[in-house]
Structures are given as C-alpha cells and as structure tokens.
Amino acid sequence: MRWTRRDLIRQAGLASASLALSRKALAHSMPPVAAATLNPQKLTPFVDRLPVPPVALSRLDAHGVRRVRITMREIAVSIHRDLPPTRQWSYGGSVPGPIIEARSGEELAVEWANALPTEHFLPIDHTLHGAERDKPHVRAVVHVQGARVGTASDGYPENWYVPGQSRVYQYPNRQDAAMLWYHDHAMGINRLNIYAGMFGLYIVRDKVEDALDLPRGKYELPLVLYDRMFDPHGQLYYPVSGDPESPWIPEFFGDVMLVNGMVAPYCEVEPRKYRLRLLNAANGRFFHLSMNGNGNAGRRSSGLPLHQIGSDQGLLPAPVELSSLLLAPAERADLIVDFSQVRGQNIILQSDTLQLVQFRVSSEKAADTSELPRTLRPVERIAESSAVESRMLELNEYDDAVKAPKLMLLNRRYWHMPVTEKPRLNTTEIWNLINLTEDTHPIHLHLVRFQILDRRPFDTFDYQTKNRLRFTGPAEPPPANEAGWKDTVQAYAGMVTRIIIRFAGYPGRYVWHCHILEHEAKDMMRPYDLLPA
Ligand code: C2O
Ligand code: CU
Ligand code: CU
C-alpha cells in the first residue's frame, strides 16, 4: 500500500494541514525492501515492565560543589522479553541514561567520560560536515538541552572528544524548574550516537514547584519515547540510502516504539493522579499522543483527558486540558493524568494507532492528597515592543531529480559559513522562521528560552518567485499549551512562525538547529554568537 500525504494526515486524525507530517514520513515508514528487519508484529506488547531510569549519584566535593560522573559505554541489554540483549551505547550503563537531579541555583559539575569502543556500529556518512574520513569514527560531546550554561560546557558540536578522554562541564542551574535532557551532539554523527542510546533526562527543581501539591515520588513518572528498527536478531538497524558513498537518509521513522528503553512496556498504577513527564527522544518522529481504554485505539473521544502543566522550559501559567498532544522531537510535556475514574482498567498511551505503554490501573482504592492546581507559575508575556531586532530566517529544502530531499539549510547557509546571527546579551529579538518546505521542523536554540508569538500562512510560491512575503491568512497565536516557555518550536510548513527570545545567559558561540537529527546533520544547523552586553 502506498500512502499519500492526505492519508497520513487523515490517519493521524489531524484536522489541520498545518500539522502535516512530511511526505517522507511515508517513504520511510516502511523498511527498505532489501533489508531484513524484525517484524514488529512478532513483539507481543505489554509483556515487560516499564523501567524507570536510575537517579545519577552525586557527591559534594571539598568546595561544596555537587559532582556527578557519567561514563559513556557500550552495553547489551534486553529491550523485550522475546529478544536477546541489544547492543547499545549508553550513558552510565542504561538507556536512557541516569536521571540527573538538579536544584535551581545550585551549581552542578558533571564529568562526562568517553569509554566507548573506537569503531562505530552504525553507518557513518563521510560526506557529511564534520564526519570526513580523517575524523575518528567514534567521537562524543554532551549537550544538555534547555540548560542555561556557558559555551565551554554547552557541548558545541565541534568540541567532540574520543574514547579515553573526558570533560568536566559546569551547570550553574540558574533557571526555573523544568525537565531538560542530555544527548550527544558530535558533529556529523550525533543522529547515530543518539540512535545508539546516548540520551537521558536532566530535571531541575525549584521552590515554586515544591510549593505545588503535584504528584511526586513514585507518582511522578518520566516517559522517554522513541522509535527504532531492529534486525531479526534484535540488534539496532539504521537504514541507509542507496548510495554507498553517502548512506545518509533524510529522515528516520522506526516501526518499533520504545519507552524508557523497553518495547511497549506496561506499568502498574494506582487509581489516582500521576505526573507524567514526557520527552520525545526520537530522531524524526512526531508523537500524536492520547490515552485510551483497551480496544478503542484511535478513538480519542473516549480517551482520558491529559492535563498539561508544563512544556520544554517549565510550568505553564495554568493547566491546559487536552484530548491529544502533538510532541515533536526534543519537545517535553509535563502532564497530570487522573486514573481514579478508570479503576481496574487498562489504559494505553498511544500515538495514533501505535501503542507506547499500557497502564494497568489497580482496582484497589488509593489515597491521593496531590492536587491539580488551578494556577501554576506566572508566565509574563514578553512585549513585542521590547525586541531590538527582527530577523527573517528561511527554512530551506533542496530536492534532487527524483524529488528526494538532499539538503536542508537555515537561511540558505551551510554550517561552516560565517556566523550571521549575532544577538547581544540581555537583549530581546524576534525570529521569523519562514518555512518554505513541506515539513514541520522543530527548531531549537541552545542556551535560551523563548515564547511563541504566532504562526501565519504565506504564499511560498510568491516568496520564491517574486521575492515577496504575502500572507494568505491571519496570524494564529499559540494554543494555551504552547504559550509557556519553550526551547523548541514546531515551525509549520508554509508558515512564518514567530518566536520572541530574551538572550539571557552567557556570551559565546552557541547553535540553533532543526531537531530532526537527519536534517541537523545536513545542514540544518547554524552557529550563533551571543555578543557581550
Ligand atoms: Cu537537543 Cu542542539 O540539541
Ligand atoms: Cu539544546
Ligand atoms: Cu527539519
């Protein structure tokens, strides 16, 4: 069967074409013909318990600085009852890596030690920037996404180091409570390193959050969502293009869904409120999430409501009730779900028809003193008038003769070209993301948090042929669940997405990029310089 883009949108149940997933989603939703891959139907869902990543151990050094040491190394662990252990690359011996718990305002020093093997087990493309043949195969550098951190500790893609080396990064944590995440960022290969398992959560907590009566302890569950493909022996399989000189593919969509390192696990819960902290750690898949009872897959009407209380950079002003949620790669969602009305039932978190995790709600009554607060944390809207600069930035895609995407750029520039975005510390700017492509791109800026102003459709043909920006509809302000602090924004196809950014933090060189990892690699990533005040 061949799906059209319209089918996909319909299947996804998305009312608006602005949420369109790409035509390439279709091309890659099925394994390449030649490859022998594991049939996902063979993996019985809900036979493995949902694991929760361990919390990283920390110690106070003689100077009162909290320290953590995390080693990157190869492991072989079980991802499903019926499969042999799967080779993966981990932080600290688990995938996802250990959860780093941080307090707002308390500095943390993390030593990231690279003890990986010296040969890669996934297909490196030596034609990509930074992955040329003269570069070591295995390189790593860690970025904590969403951290307000100095450039020396931000994990600049070219600051990679090889097995046997380590780096100590300093995280000041002068920022609000939020769920951040760490992952590899080595130039030209981070899509492979992350695919191999190099990601984990970094949770910042503060007094504002403490003062709320949110579910905590075992009632707060991190859920790291991602998709993969496997060979028939349960080993990671990453597809390649037809070109042996350049195995890069424009997007990856796996057919096996994993949560916290397990294929479609189950989780026993009490009939009460839970706080679910979601991360989309996939290379390219958008998750369209809802909670449903058994047997009503895809019927969202009968689903359990999701109360979103936070997004990428922390708490929203007030909870937002949703029946479904579209989470792009690298985005996070903080949800409260109340299982008290579904005692004794099985509830499935799914992305359209894909089953992610099954919650088995006990029939025993449970005490619950936690609350879904009416208000959470004030989020002051940044005034447009405070912006000193408004940048027009195109998102470009270049296809080859058969209309397959070959290259994606930010504002028509490659990674290595001179820096063009040079905001000044402590100023505010508006960035207009002019998306000329047919894809939604999740655009992420390092260091900063921002707010979404609006999204507005425009005539892309006019823009490209007559060089003029003609809007074809009104500007839409973000829905309530996107109106908090963000570090990643879904820039819809054929729209100008405006974000307003306060450049607080530390001067130096950072990056901004699309978080579809295959796009980032070729070449949808650019440096930016934050100039001193
Ligand atoms: Cu998850 Cu450069 O970022
Ligand atoms: Cu980042
Ligand atoms: Cu992209």
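Are H143 and H444 buried or exposed? Both are buried, and they make a good way into this predicted model. Here are my notes, point by point.

1. **The copper ion held by H143 and H444.** Ligand 2 is a copper ion, coordinated through NE2 of H143 and NE2 of H444 at 1.8 to 1.9 Å. These two residues bring together distant parts of the chain: H143 belongs to strand 6 (residues 142-145) and H444 to strand 26, with their positions 301 residues apart. As said at the start, H143 and H444 are both buried.

2. **The copper ion with a cysteine donor.** For the copper ion that is ligand 3, the donors are ND1 of H441, SG of C514 and ND1 of H519, at 2.0 to 2.1 Å. Along the chain these donors are spaced as H-x72-C-x4-H. Here too distant parts of the chain are linked, with H441 in strand 26 (residues 441-445) and H519 in helix 6 (residues 517-521), 78 residues apart. H441 counts as buried because its relative accessibility is 0%. H519 also has a relative accessible area of 0%, so this residue is buried. If you follow strand 26 in the viewer, you will meet H441 as well as H444, a donor to ligand 2.

3. **An aromatic pair across the chain.** The model has 20 aromatic pairs. In one of them, the ring centres of W431 and Y528 are 6.3 Å apart and the planes stand at 80°, which is over the 60 degrees required, so the pair is edge-to-face. W431 lies in strand 25 (residues 428-435) and Y528 in strand 31 (residues 525-530), so to speak two distant parts of the chain, 97 residues apart. W431 and Y528 are both buried. Through ring pairs, W431 and Y528 join F503, Y510 and W512 in a cluster.

4. **Charges over rings.** Two arginines are worth a look beside the aromatic pairs. R449 places its charged end over the ring of W485, at 3.7 Å from the ring centre. In a similar arrangement, the charged end of R456 sits over the ring of F471, 4.2 Å from the centre of that ring.

5. **Cis peptide bonds.** Which peptide bond is cis with omega near -5°? It is the bond from V95 to P96, and P96 has its place in the loop between strand 3 (86-91) and strand 4 (100-103). The bond from K522 to D523 is also cis, here with omega near 0°. D523 is in the loop between helix 6 and strand 31. Those two elements have appeared above: helix 6 holds the copper donor H519, and strand 31 holds Y528 of the aromatic pair.

6. **Positive phi values.** R412 is not a glycine, yet its phi is positive, at about 60°. This residue lies in the loop between strand 24 (405-410) and strand 25, and R412 counts as partly exposed because its relative accessibility is 49%. N426, in the loop between strand 24 and strand 25, likewise has a positive phi, of about 65°, without being a glycine. With a relative accessibility of 39%, N426 counts as partly exposed.

7. **The chain as a whole.** The fold has six helices and 31 strands. Its radius of gyration is 22 Å, close to the 24 Å that the globule rule gives for 533 residues, so the chain is as compact as a globular protein of that length. Taken along the principal axes, the C-alpha atoms fill a box of roughly 65 × 55 × 55 Å. Of the 533 residues, 61% are buried. Among contacts with a separation of 6 or more, 78% are between residues 24 or more positions apart.

8. **Confidence.** How much of the chain reaches a pLDDT of 70 or more? The share is 92% of the residues, and the mean pLDDT of the chain is 92. Two stretches call for care. Over residues 1-33 pLDDT stays under 50, and the model has 62 contacts beyond four places in sequence for this stretch. Over residues 295-301 pLDDT also stays under 50, with 13 contacts beyond four places in sequence. Where pLDDT is low, the predicted coordinates should not be read in detail.

Note on methods: Residues numbered from 1 in each chain as written. Chains lettered and ligands numbered in written order. Predicted model: local features only at pLDDT ≥ 70, side-chain atom pairs only at ≥ 80, totals over all residues. Heavy atoms only, no water. Phe/Tyr/Trp six-rings, centres within 6.5 Å; stacked < 30°, edge-to-face > 60°. Helix = DSSP H or I, 4+ residues; strand = E, 2+ residues; numbered from the N terminus. Buried < 20%, exposed > 50% of the residue type's maximum accessible area, 1.4 Å probe, protein only. Lys NZ or Arg CZ within 6 Å of the ring centre and 35° of its normal. Donors = N, O, S within 2.8 Å, 3.2 Å for Na, K, Ca; no water. pLDDT = per-residue confidence, 0-100. Contact = heavy atoms within 4.5 Å. Rg over C-alpha atoms; globule rule 2.2 N^0.38 Å.
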